[in-house]
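Here is a short, friendly tour of how some helices and strands fit together. Have the structure open beside you as you read.

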Amino acid sequence: MKPTRRPPPQAEHGSIVFRALGWLLLAAVVVAPIASGNGYLLTIAIFIGIHAIIAIGLGLLMGYAGQVSLGHAAFYGLGAYTTAILTTKAGIPPLGAMAAGIVLTAVVAVLLGAPTLRLHGHYLAMFTLGLGIIVQIIFNQARGLTGGFGGLMGIPPLGVGYWQLDTKPEFYIAVIAVLTVTILLANNLVHSRIGRALRALHESELAAALSGVDVARYKLLVFVISAMLASVAGSLYAHLLRFVSPDPFGFAFSVELLIMVVAGGARSVWGPVAGAALLTILGEVIAKTGEQIPWVADLDVILFGAVLTAVVIFLPQGLISLTSRLRRRSPTAPSTV
Amino acid sequence: MHQHIQTATGIVLSFQQVSKTFGGLVALDGVSGYVRAGEILGIIGPNGAGKTTLFNVICGALRPTAGEINFRSQRITGLPCHRVAELGIARTFQNIRLFRQMTVLENVLVGCHRKGSVGLLATVLRLPGIHREERYLRDAAYGYLEMVGLADRADVLASNLTTGQQRLLEVARALAAEPQVVLLDEPGAGLNTRETRTLAEFIIRMQQELGLTIMLIEHDMRLLMEVSERVLVIDRGRKIAEGSPSQVQSNPQVIAAYLGDDFIANPSPAQR
């Protein structure tokens, strides 16, 4: 009874035409903001990219490890502030500051995750909620370091030595590059033995553990990865605006990130990207309208809530499941629902 | 000293004075027992007797309140599940716990988890070793699916299998971890007569062809008595009998536990 036989060739999912069209469309969407020459559009596109990087990490945590973080904005903020402080006060070059931010958030994530992720249940949500509040207080109160409410100015552009990304199109390309790498790495992780173990522990921690999966270790691994991605996004944010203040890194943004992930579809790599695009655009539309009609500005929370409710009711697998619905016409696609 | 005796008698797994209480409820009350290498040990007892709790304590899902568990002369009491699995104990569940949103093949691939070793960095960078390992794991997983006769269902979602197939898939996933001891928790529940026959044959094949040691909880007495070499009877958290199937079947305490004390005093079916 030695296992020997080779598996049959993998079935091809979806038609090639559908895939080609999808990639073309995506390429068009990515190029459009630059081609338009519209600075405002480009800024929104950059924000979508930055938000997508965080959302992908949070999606891995929620959709694959089955854990919720209510404080991912804090990791985002830690990345942004580390970049801001180290570049303005210590004169450390941007990439060095970004790396320091990654290390710092990884350490914080390990300290927070190691004790909590051994427990069953949603303790991580509670702890990250607490982290978000603590980090917010530090940003506001440690004035000598963070500049308090006023924030920190004078952050240099992203770049290495002579090569500076000081125009918006250049910065946009850099963000798209980071996003692409993030998508590739996340995709590799998801479609692997480790990704399988994660999906398994999401369904039954006990059964996964008894198959030899070190459940606590894998959950921690994903949590740390997601925190590090948020930190990278934070550093990019700091270089984009050249200014940081505590406001964007509060609880409200943590919730917004959650909605991005759930609305887009947590159980895929592209889902959170779609969710990031949707919520960023929606948020911007509301903010713009709010400039003319002040009361509209307060509608964002209600509207985001409505989006979330609608998605949960009508598309429980998230917006991204629309693509697989189109693709499902092909008879071989096995596992979309 | 104690360990020498264990190896001499071929005992692979033993539990001494194991107790487990949940608040005021005593689920296990000082149960001791052992299983020899290559043996099939049946475990019976009325509902709520503590049989599944015993499995949970052995595999690390629950920490016993008292007592200790030894596996191949190593104390495994309180070890986390994945460590126990690594050492060579696998199990199936009474209430089937498959990864329902994953395919049949993927379920067994998770069972093969320990056969793979590629780390995180190599995984996210998709270094060449990944493909070789993935091919190896798939071949292995297919082998286990063929063993239980589910190879043609490999790409189906686990939730779309019949109950009988799901139980077989749980066995395949357990075997994929290459255990030495397998704990089967009511593998016959929900199976029809024909499926039960296949299961009985398969359990014996697991013992004879794979050389596995098996602990079997089963309510289907015919199945259990047929395959078990020794039977352990638990009632209300206590071991009340232990011996060959025929010894156990004629033990008055066992009959009392199953049919009520009245039955002994007045053994007429009409009384019940």
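Let's begin in chain A of this predicted model, where α12(A) passes α13(A) in a right-handed crossing. A second helix pair in chain A, α3(A) and α4(A), also has a right-handed crossing, and chain B adds an open sheet of six strands and a hairpin of β1(B) and β2(B).

**Helices α12 and α13 of chain A**

- Helix α12 of chain A covers residues 270-292 and helix α13 of chain A covers residues 300-314; their axes come within 10 Å and cross at roughly 150°.
- Because angles over 145 degrees count as roughly antiparallel, α12(A) is roughly antiparallel to α13(A).
- On the α12(A) side, Leu279(A), Leu282(A), Gly283(A) and Ile286(A) meet Asp300(A), Leu303(A) and Phe304(A) of α13(A).
- Sorted by class, the residues of this contact are five nonpolar, one polar and one charged.

**Helices α3 and α4 of chain A**

- Helix α3 (residues 72-89) and helix α4 (residues 94-116) of chain A pack with their axes 8 Å apart, at an angle of about 140°.
- That angle makes α3(A) oblique to α4(A).
- From α3(A), the contact includes Phe75(A), Leu78(A), Gly79(A) and Leu86(A); among its residues from α4(A) are Met98(A), Gly101(A), Leu104(A) and Val108(A).
- Nine nonpolar and six polar residues make up the contact of α3(A) with α4(A), with no charged ones.

**The six-stranded sheet of chain B**

- Reading across the open sheet, the strand order in chain B is β6-β7-β8-β3-β9-β10, and the pairing is mixed.
- Strands β6 (89-91) and β10 (238-243) of chain B stand at the edges with a single partner strand each, so one side of each has no neighbour in the sheet.
- On average, neighbouring strands of this sheet are turned by 20° against each other, direction ignored.
- Within the sheet, β3 (residues 40-44) and β9 (residues 230-235) of chain B run parallel and are joined by four bridges; Ile43(B) stands opposite Leu232(B) in β9(B).
- Helix α2 (residues 51-59) of chain B packs on the sheet and touches β3, β6, β7, β8 and β9 of chain B. The direction of α2 makes about 150° with that of β7(B).

**The hairpin of chain B**

- Strands β1 (residues 11-22) and β2 (residues 25-36) of chain B run antiparallel and are joined by eight bridges.
- Val18(B) has Val31(B) in β2(B) as its bridge partner.
- Two residues lie between β1(B) and β2(B), and Gly23(B) in the turn has a positive phi of about 60°.

Notes. Residues numbered from 1 in each chain as written. Chains lettered and ligands numbered in written order. Predicted model: local features only at pLDDT ≥ 70, side-chain atom pairs only at ≥ 80, totals over all residues. Pairing = 2+ DSSP bridges. Axes fitted to C-alpha atoms, helices over the stretch in contact; angles between N-to-C directions. Contact = placed C-beta atoms within 7 Å. Parallel < 35°, antiparallel > 145°, perpendicular 65-115°, else oblique. Left-handed = near helix turned anticlockwise from the far one by under 90°. Nonpolar A, V, L, I, M, F, W, Y, C, P; charged D, E, K, R; others polar.
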